[in-house]
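The following exercises are meant for a first reading of a structure. Please attempt each task before turning to its solution.

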Amino acid sequence: MPKQIHLAAHFPGVNNTTVWSDPRGGSHIEFSSFVHFAQTAERAKFDFLFLAEGLRLREQAGKIYDLDVVGRPDTFTVLSALAAVTEQLGLTGTINSTFNEPYEVARQFASLDHLSAGRAAWNVVTSWDAFTGENFRRGGFLPQDQRYARAKEFLTTAFELFDSWKGDEIAADAGSGQFVSRPDVGAFSHEGPQFSISGQFNVPRSPQGRPVIFQAGDSEEGREFAASTADAIFSRHSEFEAGRAFYTDVKDRLATYGRSRDSLLILPAATFVLGDTDAEAQEIAHQVRLQQVSGQTAIRFLEQLWNRDLSAYDPDGPLPDIDPDTGDDHIAKGRASVRMNRDPVAVAREWRALATEKGLSIRELIIEVTGRQSFVGSPRTVADEIDRFVQADASDGFILVPHVTPGGLDGFADTVVPLLQEKGVYRTEYEGTTLREHLGLAALGNAVPVG
Amino acid sequence: MSQLHLAVGLEGAGWHPAAWRDPAAAPHDLLSAAYWTELVAVAERGLLDLVTIEDGLALQSERDDAPDGRTDRVRGRLDAVLTAARVAPTTRHIGLVPSATVTHTEPFHLSKAVATLDYVSTGRAGLRVQASLRPFEARHFGRREVSFVPRQGVDIAGDPLVVDLLGEVVDYVEVLRRLWDSWEDDAEIRDVATGRFVDIEKLHYIDFEGKHFSVRGPSITPRPPQGQPLVVALAHGPAAYAVAGRAADVAIVTPHSLEEARAAVEGVAAERSAAARTDGPGHVLGDLAVVLGATTAEAQDRLARLDELAGEPWSTDVDVIAGTPTELADRLQDWASAGLDGYRLRPAVLATDLAHITTGLVPELQRRGAFRTAYTASTLRGHFGLPRPANRYAAV
Ligand SMILES: Cc1cc2nc3c(=O)[nH]c(=O)nc-3n(C[C@H](O)[C@H](O)[C@H](O)COP(=O)(O)O)c2cc1C
């Protein structure tokens, strides 16, 4: 039997791919949009719906960034409401470990797992910085290594809380009057550098035992964190060779932690453009790129690498010949930086060489170097490509991010999914009811040791 | 005859400590979505203004200084905001008011959660804010010490810790409201010509600086349908009247007599005018625990049976009424003369007493012209005749 493909849907909120100017674009806040999107994903038998999170409005050069979608609802609240309008779709929420506390987050995920009958997942992220911290009691800045130290201990502590109920404590025996079997149900005690807490957890064990755990970091620390603890990775490596390299790298790390290669799924984010023919899809994809990267967007993107005000430059003209400011990031706040883990001067040199070689303007260059559409073609081409990636271990499946909200998934559900089903690489019915089952992960049953 | 507002408090199997042992109760279902959606559906069929959903950041305890270690009471519960959100798409009119502890949580998170509850319920969200004095709850967070304050007997109002925690509730609500206002209603412009999705002149930093926290803003969530969801506070005495008067849209007071009801209404009103509130009238609801039956004797028998199962008479922070829906209607109308706008009822056993409220009390009040016969508004503020608040940041 060929490897089975996992598919999921990312409701595209704040990002630089959503084409909000598209006449088919609707609200990214109204609940009706989420209902439409989630029900399409469930109709297509996707594993789960995914929500990203950002806890402060992004800024550039001291002003709120206004060229992309701005604003999003609260992750937990939307997911819980979606549990009412779907029956089997997994519900994955991105929740930050820097600006939350384990007792509260564990409670929210355990509650979501009960209210959705076993469909909750948590994408543990550690971003960003003091800029975001200005919205929180916790405040302050945590350097990269401490963010992961906190994230790891946060997750360990949350597991201790999830596991503090074994699952058999509720007797609810009206006759004898015994509601719980022991006075110390949910007892926990955690002593560590990040958290020193004790008491009794007040949500009994949830259907999945624990939510499924996702990780989305890409650094060395991030990869180790995923290999030691996560059930799935939301990866940014959606190109074939990069995907295979990442896949191999992370799966090879699992053995160190005594884990099998199928205990961690690699699911890159992927975009797609469909057309009746491959040529038509290519043409649509080109139009989408032009909509995603306006002249202004291109300049603002360039400013993020250059770390300078470039508003005087013409997006249809050549790249600046001054070098990036290598000092502290001060232009862009609250977003994944193009400068992260890279030498900006070297990147600028590469970009200039590329622009010269191909005769590209600033806007054309940005279109060239920023994420292209992952899958472009007729439904047949896209189905074949997705299958090729998965069979070749470039991924275990994809988290699809359509560029139109909320209807951007409809065509995929109607055309690509049936082709994958015909190939025998994709489910025609959900086999289980929990997200853990959709992902083919081992059930936890009652409490297992903290991993 | 003025009409009363009616709310029902949802708590476990009911508010009586032995409620879960009642033959009608379903004690194994308290953590299921179906249980909560059914209860709220019943309340909505009864045209009630709202349901509150109780919550806490620790295991239920009858002691305030430590977990009580009891195994004969309902223990364990779900997050109330998430429960309300799960129920929202299954209902259309009723207000959803989860409780949330503000002492250990982040106002930024709660603000967007309740704004989102308002979106998923299309304008029916509220929030009951509560402070936590429990040291064992504080240990779940490990960030601050909260020392034990006894609940009964001693007057706790002047205790510096209480003053501090209640002051923090007022700050917290101020931050919630500023965050809800931090987007003007028409901030999203989708101006294709200029490429701007929002007009950043209509997004506002709230720059709150308080004793326990500071918050910069703006919210990540646009202004919710009601502008500001309804803020509710339970107020047992003068220290809490100050919080309710300064911060809440609806106060729930706990009188044990007509005189106490009058004093509570006046107490909240005085605090409200001292705070120079300009956002319309505040509402005050009386809180009552109820055991209902077709006859007085039946209700009293039910209470006696429950008390026997619990091993002690039911004594709680509010008045307990055991009687017929007609007797309850009499009491509600009588105390309304003290200036109460309505009531929150705490059913002894949800499975039984909620139905008595919706199929016994409500028709009785309707006969008397004292309760609505259909929903006339679609938002929670609308049920209370409250206007959609003006945005403090919008240029006039
Ligand atoms: C594909 C992908 C998606 C991410 N989505 C989010 C997100 O929605 N919210 C967030 O705060 N961080 C997000 N992150 C940031 C990471 O979780 C992580 O905190 C950040 O990349 C820094 O860690 P690293 O250095 O290990 O990459 C995402 C990262 C990746 C690679």
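Four exercises with worked solutions follow.

**Conventions**

This is a predicted model, in which local features need pLDDT of at least 70 and side-chain atom pairs count only at pLDDT 80 or more, while totals for chains, interfaces and linings use all residues. Residues are numbered from 1 along each chain as its sequence is written, chains are lettered from A and ligands numbered from 1 in the order in which they are written, and side-chain values use heavy atoms, with hydrogens and water left out.

**Exercise 1. State what pLDDT chain A averages, and consider residues 447–451.**

Solution. Begin with the term: pLDDT is the predictor's confidence in each residue, from 0 to 100. Chain A has an average pLDDT of 93, and 97% of its residues score at least 70. Next, take residues 447–451 of chain A, where the pLDDT is below 50; this stretch has 12 contacts in the model beyond near neighbours in sequence. A contact here means heavy atoms within 4.5 Å.

**Exercise 2. Describe the surroundings of A:Thr94 and A:Ser219, two of the residues covered by the UniProt annotation "binding site".**

Solution. First, consult the record: the annotation, from an unreviewed UniProt entry, covers A:Thr94, A:Tyr148 and A:Ser219. UniProt positions are given in the numbering used here, feature names are shortened, and annotations may be inferred rather than shown by experiment.

Second, locate the residues. A:Thr94 belongs to strand E5 (residues 90–96) of chain A, whereas A:Ser219 is in the loop between strand E11 (212–215) and helix H6 (220–229) of chain A. Helices (H or I, at least four residues) and strands (E, at least two) are DSSP runs, numbered from the N terminus.

Third, assess burial, where buried means under 20% relative accessible area, exposed over 50%, and partly exposed in between (1.4 Å probe, protein chains only). A:Thr94 is buried because its relative accessible area is 4%. A:Ser219 also counts as buried, because its relative accessibility is 14%.

Fourth, list contacts, leaving aside residues up to four places away in sequence. Among those touched by A:Thr94 are A:Phe50, A:Thr75 and A:Asn123. The side chain of A:Thr94 also reaches the backbone oxygen of A:Leu51 at 2.6 Å. A:Ser219 is in contact with A:Gln144 and A:Tyr148, the latter being another residue covered by the annotation.

**Exercise 3. Which parts of chain A does the pair of A:Phe46 and A:Phe412 tie together?**

Solution. Start with the criterion: rings of Phe, Tyr and Trp (its six-membered ring) pair if their centres lie within 6.5 Å; planes under 30 degrees apart count as stacked, over 60 as edge-to-face and the rest as tilted. The structure holds 28 aromatic pairs over all chains. In one of them, A:Phe46 and A:Phe412 are edge-to-face, 6.2 Å centre to centre with 80 degrees between the planes. A:Phe46 lies in the loop between helix H1 (31–43) and strand E2 (48–51), and A:Phe412 in helix H13 (residues 410–423), so the pair ties together parts of chain A that are 366 residues apart in sequence. Both A:Phe46 and A:Phe412 are buried.

**Exercise 4. Is A:Ala443 buried or exposed, and how many residues separate it from A:Arg210 in sequence?**

Solution. First, place A:Ala443 in the segment after helix H14 (435–438) of chain A. A:Ala443 counts as exposed because its relative accessibility is 68%. A:Ala443 and A:Arg210 are 233 residues apart in sequence, with their C-alpha atoms 9.9 Å apart in space.

Methods
Polar contact = N/O pair within 3.5 Å; in protein donor to acceptor, adjacent residues only side chain to side chain.
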